[in-house]
Amino acid sequence: MVEPVPESISFPSEEETILKLWQEKDCFQECLKQSKNRPRYTFYDGPPFATGLPHYGHILAGTIKDIVTRFAHQSGFHVDRRFGWDCHGLPVEYEIDKTLGIKGPEDVAKMGIAEYNKQCRNIVMRYSNEWETSVMRMGRWIDFKSDYKTLYPWFMETVWWVFKQLYDKGLVYRGVKVMPFSTACNTPLSNFESHQNYKDVQDPSVIVNFPLVESEDVSLIAWTTTPWTLPSNLALCVNPEFLYVKVKGEKQSLAQGSVLKCVLCVFRFPGKMLKGKKYKPLFTYFAKCEEKGAFQVVMDNYVKEEEGTGVVHQAPYFGADDYRVCTEYNIIQRDQVPICPVDASGCFTSEVTDFAGQYVKDADKNIIKWLKEKGRLVNASSFKHSYPFCWRSDTPLIYKAVPSWFVRVEHMVEKLLDNNAKCYWVPEFVREKRFGNWLRDARDWAISRNRYWGTPIPLWVSDDFEEVVCVGSVAELEELTGVKVTDLHRESIDSLTIPSRCGKGSLRRITEVFDCWFESGSMPYAQVHYPFENRKDSIDLVCIFFKSYCRFYTLLVLSTALFGKPPFKNVIVNGLVLASDGQKMSKRKKNYPDPGLIVQSYGADALRLYLINSPVVRAENLRFKEEGVRDVLKDVFLPWYNAYRFLVQNVQRLQKEDEIQFLYNESTAKQSDNIMDKWIQSFTQSLIQFFKAEMDGRSGTLETQLLTIYFAPFTPFITEMMYQNLRHLIDPASVEEKDSGSIHYLMLPQVRETLIDKRIESAVSQMQSVIELGRVIRDRKTLPVKYPLKEVVVIHQDAEALKDIQSLQKYILEELNVRQLTLSTDKDKYGIRLRAEPDHMVLGKRLKGAFKAVTASIKELSSEKLEAFQKTGSITVDGHELHEEDLRLMYTFDQSSGSAAQYEAHSDAQVLVLLDVTPDQSMVDEGVAREVINRIQKLRKKGHLVPSDEITVYYRCKPEGEYLDSVIQAHTDFILATTKAPLLPFPVPKTASVIIEETTQLKGSDLELTIVKGSSAPRAPLNGPACTYVNLRVKVDNKEQGSTWEQSLFFAAKIVHVCISMFVTELTSKTDLQTLSSKTLSVTSSSSSAGPVQTTDTLLCPYVNLLLCNAGEVATLLLDNPMGQNGLSYSGLLSEAAKVFGLRGRRLKLYQDQDLTQELPPDSSVKSLNTKTVFVRVLPTTAEA
């Protein structure tokens, strides 16, 4: 049986109830059990770190994942959903370094790698319980018990296998490369990691002179924003195609002509003329490099003219282009010892004697001071530009040459692009634009990190690196070392050696560990321990994956390198969730609301819907605002809940009033002829069709129930709550699932294309347009819909569209509250003209001086030109092309047409609506009556009443007899037809059970409204018994007695038997007693003859009618039965009244009048009540009082 739906709801509390339901039924595991034999849908969960608490970014990604996997399950797939944990890498080490005050490798060496990694292992799952609680509270179904962790030896073993495949393919090499370097984390980062955290910063901007050796009074001048790289300068680079100038000022100098304002330009020449010229070094730290060609001018086209002087200083071990150019000119060699006087912490080494030990960024000011003292500084200022920061420590990166192990990527860029094109991206532009551009610029991937807590790179090498053994499994390592291996972290395997096959002694493992992004790229295989287990399942992957571009990139690179195909078929990309001010969310700044408090206040469903209905799911950024979540509750959930409540109320009303048990069966439901029912069916099926197409990517009815199922993946809580009640309205025979105990067990319904009628959908769409336009006019003229208007005119050029609108006339008249609909194709008949006004802010800013002239021309545009503009969206005025956002179109009427005062107009691109806004007193009166109805209905709602509650409304207007009072009296029947409750003037009976009362202002009068329990409509006097009856003439032993058998007819139209003492104890006749009403029957014993029957139309026995106050129920009691016997006393009358109304145990009072002013005295003669009506009042109990 469907349960009543309360008026108010706490969504968070209901969600907690649903969580308990899921837990008690173990719903998630039951889903997996039910789907185990279905086709598999592979899902990748990009794992988080448990060293921090979940934030909105995690909640967003988790919500998207949950929606897609729920949808896949309800679409007929089996979806394994295992939670994963990132356990290695910088996020963990950075936390330990902060906690233990570790500054660099020396501190780790003192501590020992074993102890350091132990500390890391201790915190990797620090917040795992909080994560599980948060994920479950958000309604996400995922398996925590069968999770995977990147620290598991079997996961790490697959990572080794992946690397060995690459190594065997010749895709791994060792080299020196200038890379983004985090001095806070003492490790290089990959290029794609460095792109994650750019910030606008102010850096020093210096211009330095470099005197030529051949003529020291002539200098080249170069610009840099990294003064700390100047001590490592080995060359200057110019562009051979640029035009350079020699100028004469206080000092002679050479620079690109557009930069300096000089006194005199001596001559111009191309940059290639500077090639090979020697200059005087700034510093002498690396003067010996001059022997190898350092301190000369070199050329390359990477030098740009947009900024700087056209002369770029070269520090080859601190810039990728510098390294390339200096290598090409043989100033440095690839295999030489790097000239890199900066350690892993970003401090100058002892080679730079003047600044040794100083952090490079801090040394900038001292270097500038030194340059000034030495006369080498031309200019010093500051420069704002975008600069990369470490994604983990949020500290500035530097570019620094480090020896690393690389995976070759550049050779397979075309294959990466080809595989990327095979994937379905949401949003699609990311595939070609953002990610595609990233792939086109792909560089060889530096996979090694000089760290400790990670998967060790499985390379054992000789001291000279000429002999290398790559290990691909635990078994292989055990075979090569002869040692049983149970863990693969550094402390467990660094000491293991492999005998050399070339006589080079023992091979030792290199010290580096994998970049944790290499683990991420290996995740599809490692999470199932491929190829050591599940070999069959892990090659052909159908997957959805969401998170950062880094994960997409590493997944694609490894899958392309290993198998030549993409690792996923579908990708969803989300943007970033920022604070409301557009800044990054920061715990320190406290610039965002706590996610737990948001869920506690508004519920998880509201937060889920807010996030997925925002730009963030289109790969754009979202400024998180709490009011946005609140608006979802107000604008989506509450109307949805009220519609659900309305449905249940009407189902219960149907059951109560018509005794119809509502059960829906799709296969047996009769088709409705009502056009709106057909539209609901058609539009619902079209919506399902669209919904499935969007979610699938490439690859009468109870519509509330159906749409609830479709919303289940998005809002799992509210849909479950509704389903648990609505499922009682579904015929069990129509449910295909064996277990329908949860909405999430059900398969999504298939599209019923036979119900789709595009003509009806088009007609209703036309109708909706007319109604919306009419409402805009009402709003513009401040005419509430409660007040009826005479006419709405709809003008459309398409006669078929007008036919559609005509077919839905009654809905337009009802929704707009107008009396007449007129259709036309001729707007000229009504004198309609278009005119345009410019958007002053938009056009004024764009046209500047031409704005005034263009404005005048806009106002002169003809109606015909503006109509063409409506269709095309653009128009040229005075040589300027204008678009929809530039102009505001308005309708005017020819004054000669007479329509100007009568109509107000509004239109969209298709239809024009005119609304007759002239006043009419009868319509104004009806509008006031509607206002009264509105007040009554609002008071009803305030009193927590439902439509099936029987009430009476009493009213009083002050002052009496004024306009409002006359309107109510004239429209009483109209008000009654809407409220379905009697409307009576004051006074309210003293004994009435008042539910709620209120005084409100309306049309200059005070309107007092009181709602009382029960229908107290004036009842016509009862003529005769209130109940059906039969007279019985009984003849026993030839002696006749009269008796009456009666039935009590209650107000609710239900026949209820009344227990009255009778000497006839059994009736064997099967005759319908209702057909015997008011008849006289003759009853005889078997030994007696019937004899003639004396008929009568009146009751043989004296009787009294009873009316139960505030309930409207009536009954009839016999004062004696049989005639002259068993007479009732006053106490007997009270007792029988209590019995007949089902009020045993309640105290009653009896009255002789409806106003309850004349109480029936206890000593009254009951016989005197014959044929009269007694009013029964129920006295309140102590609790009620």
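**Surface patch and salt bridges**

Q: Which residues form a nonpolar patch on the surface with Leu-687, and what accessible area do they have together?
A: The patch joins Leu-687 with Phe-683 and Phe-690. Patch members have over 30% relative accessible area and no salt bridge; nonpolar side chains are joined within 5 Å, like charges within 9 Å. By Shrake-Rupley with a 1.4 Å probe and only the protein chains shown as cover, the three residues together give about 300 Å².

This is a predicted model, so local features need pLDDT of at least 70 and side-chain atom pairs 80 or more, while totals for chains, interfaces and linings use all residues. Numbering starts at 1 along each chain, and side-chain values use heavy atoms, without hydrogens or water.

Q: Where is Leu-687 found, and is Leu-687 buried or exposed?
A: Leu-687 belongs to helix H22, residues 675-696 (a DSSP run of H or I, at least four residues; strands, E, at least two). Its relative accessibility is 38%. Buried means under 20%, exposed over 50%. Leu-687 therefore counts as partly exposed.

Q: How many salt bridges does the count come to?
A: The rule takes a Lys or Arg side-chain nitrogen within 4 Å of an Asp or Glu carboxyl oxygen. On that basis the count is 50.

Q: What is the N to O distance between Asp-635 and Lys-634?
A: Asp-635 is partly exposed at 49% relative accessible area. Lys-634 is partly exposed too, at 47%. Their side chains meet in a salt bridge with an N to O distance of 3.0 Å.

Q: How many residues apart in sequence are the parts tied together by Arg-759 and Asp-804?
A: The side chains of Arg-759 and Asp-804 form a salt bridge at 2.7 Å, N to O. Arg-759 lies in helix H25 (residues 758-780) and Asp-804 in helix H26 (residues 799-807), so the pair ties together parts separated in sequence by 45 residues.

Q: Which residue of that salt bridge is buried?
A: Arg-759 has a relative accessible area of 43%, so Arg-759 is partly exposed. The value for its partner is 8%, which means buried. The buried residue is Asp-804.

Q: How far apart are the closest N and O atoms of Glu-837 and Arg-835?
A: Glu-837 is buried, with 17% relative accessible area. Arg-835 is partly exposed at 34%. The two form a salt bridge, and their closest N and O atoms are separated by 3.1 Å.

Q: Which residues do salt bridges with shared partners join into one network?
A: Shared partners link several salt bridges here. The network consists of Asp-300, Asp-321, Arg-324 and Glu-328.

Technical notes:
Buried < 20%, exposed > 50% of the residue type's maximum accessible area, 1.4 Å probe, protein only.
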